[in-house]
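Colleague: I'd like a close look at one part of this model, please, starting from a single side chain and working outward. Could you walk me through what sits there and then show me how the rest is put together?

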Amino acid sequence: MNDRNEMNIPSDEHFAETAELFRLLDDGSRAKIFWILCHSERCVAELSSITGMTSPAISHHLRILRKSGLIQSSRNGKEVYYKASSSHSSMILHEMLEKAMCMTCPDCCPR
């Protein structure tokens, strides 16, 4: 038996899929938007006001996050609201983001 099988190493495809999931948050603005949507449901205008980013920039990041399945949208009249999805990937990334924030910004986390 080779070492790879003995260690029960996942396939290269699994590692590629995992790396792609992490790559979704490789932009600080996208990570911030995702974090906000993990804590509240917001529309583009609200996200723009909170982050100081333009609506087109917000929409760009939302499109990437929605396509990946990390967030979901719902329409209320003419307005579209976004929030983090309840997918396993979304919950895991949120938890990891929270832990990473506590490591890099200890003053932001409750003790």
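Modeller: Sure, and keep in mind that this is a predicted model. Let's start at Arg30, which lies in helix α3. Is Arg30 buried or exposed? Arg30 counts as buried, because its relative accessibility is 9%, and the cut-off for buried is under 20%.

So what does Arg30 touch, once residues up to four places away in sequence are not counted? The list is Arg23, Leu24, Leu25, His60, His61, Ile64 and Leu65. Arg30 also has a charged partner: it forms a salt bridge with Asp26, and the closest N and O atoms are 3.5 Å apart. The two ends of that bridge sit in unlike surroundings. Asp26 is exposed, with a relative accessible area of 57%, whereas Arg30 is buried at 9%.

One of the contacts of Arg30, namely Arg23, has a salt bridge of its own. Its partner is Glu20, with 3.1 Å between the closest N and O atoms. Both residues lie in helix α2, three residues apart, or about one turn of the helix. Here the two ends look alike in class: Glu20 counts as partly exposed at 41% relative accessibility, and Arg23 counts as partly exposed at 42%.

How many salt bridges does a search of the whole structure find? It finds three. Besides the two just described, there is one where the side chains of Lys99 and Glu95 meet, at 3.2 Å from N to O. Lys99 and Glu95 both lie in helix α6 and are four residues apart, again about one turn of the helix. Lys99 is exposed, with a relative accessible area of 52%, while Glu95 is partly exposed at 43%.

Back to helix α3, this time for its nonpolar side chains. The largest nonpolar core has 20 residues, and those that touch the most other members are Ile33, Phe34 and Leu62. Which elements give two or more residues to this core? They are α3 (28–39), α4 (44–51), α5 (55–68), β3 (79–84) and α6 (88–104). The largest share, five residues, comes from α3. For a feel of how the pieces meet, take Leu62: leaving aside neighbours within four places in sequence, Leu62 is in contact with Ile33, Leu37, Val44, Leu47, Ile71 and Tyr82.

Strand β3 brings us to the sheet. Three strands form an open sheet in the order β1-β3-β2, and the pairing is antiparallel. β1 and β2 stand at the edges with a single partner strand each, so one side of each is left without a neighbour in the sheet. Strands of a sheet pair through backbone hydrogen bonds. Here β2 (residues 71–76) and β3 pair over six bridges, while β1 and β3 pair over two.

Now for the individual partners. Across from β2, the bridge partner of Arg75 in β3 is Val80, and Asn76 has Glu79 as its bridge partner in β3. The hairpin of β2 and β3 has two residues between the strands, and in it Gly77 takes a positive phi near 70°.

On the other side of β3, Cys43 is found in strand β1 (residues 42–43) and stands opposite Tyr81 in β3. Cys43 counts as buried, because its relative accessibility is 5%. Not counting neighbours within four places in sequence, Cys43 is in contact with Glu79, Val80 and Tyr81. For a sense of scale, the C-alpha atoms of Cys43 and Ser11 are 32 residues apart along the chain and separated by 39 Å.

After β3 comes Ser85, placed in the loop between β3 and α6. Ser85 counts as buried at 12% relative accessibility. With neighbours within four places in sequence left aside, Ser85 is in contact with Gly69, Leu70, Ile71, Gln72 and Ser90.

Last stop, the surface. Met7, Ile9 and Phe15 form a nonpolar patch there, with about 310 Å² of accessible area together. Met7 has its place in the loop between α1 (3–6) and α2 (12–23). Met7 counts as exposed, because its relative accessibility is 60% and the cut-off for exposed is over 50%.

Technical notes. Residues numbered from 1 in each chain as written. Predicted model: local features only at pLDDT ≥ 70, side-chain atom pairs only at ≥ 80, totals over all residues. Heavy atoms only, no water. Core = buried A, V, L, I, M, F, W, Y, C linked by side-chain atoms within 4.5 Å. Buried < 20%, exposed > 50% of the residue type's maximum accessible area, 1.4 Å probe, protein only. Contact = heavy atoms within 4.5 Å. Patch = residues over 30% accessible without salt bridge, like charges linked within 9 Å, V, L, I, M, F, W, Y side chains within 5 Å. Areas by Shrake-Rupley, 256 points an atom, 1.4 Å probe, with all protein chains shown as cover. Salt bridge = Lys/Arg side-chain N within 4 Å of Asp/Glu carboxyl O. Pairing = 2+ DSSP bridges.
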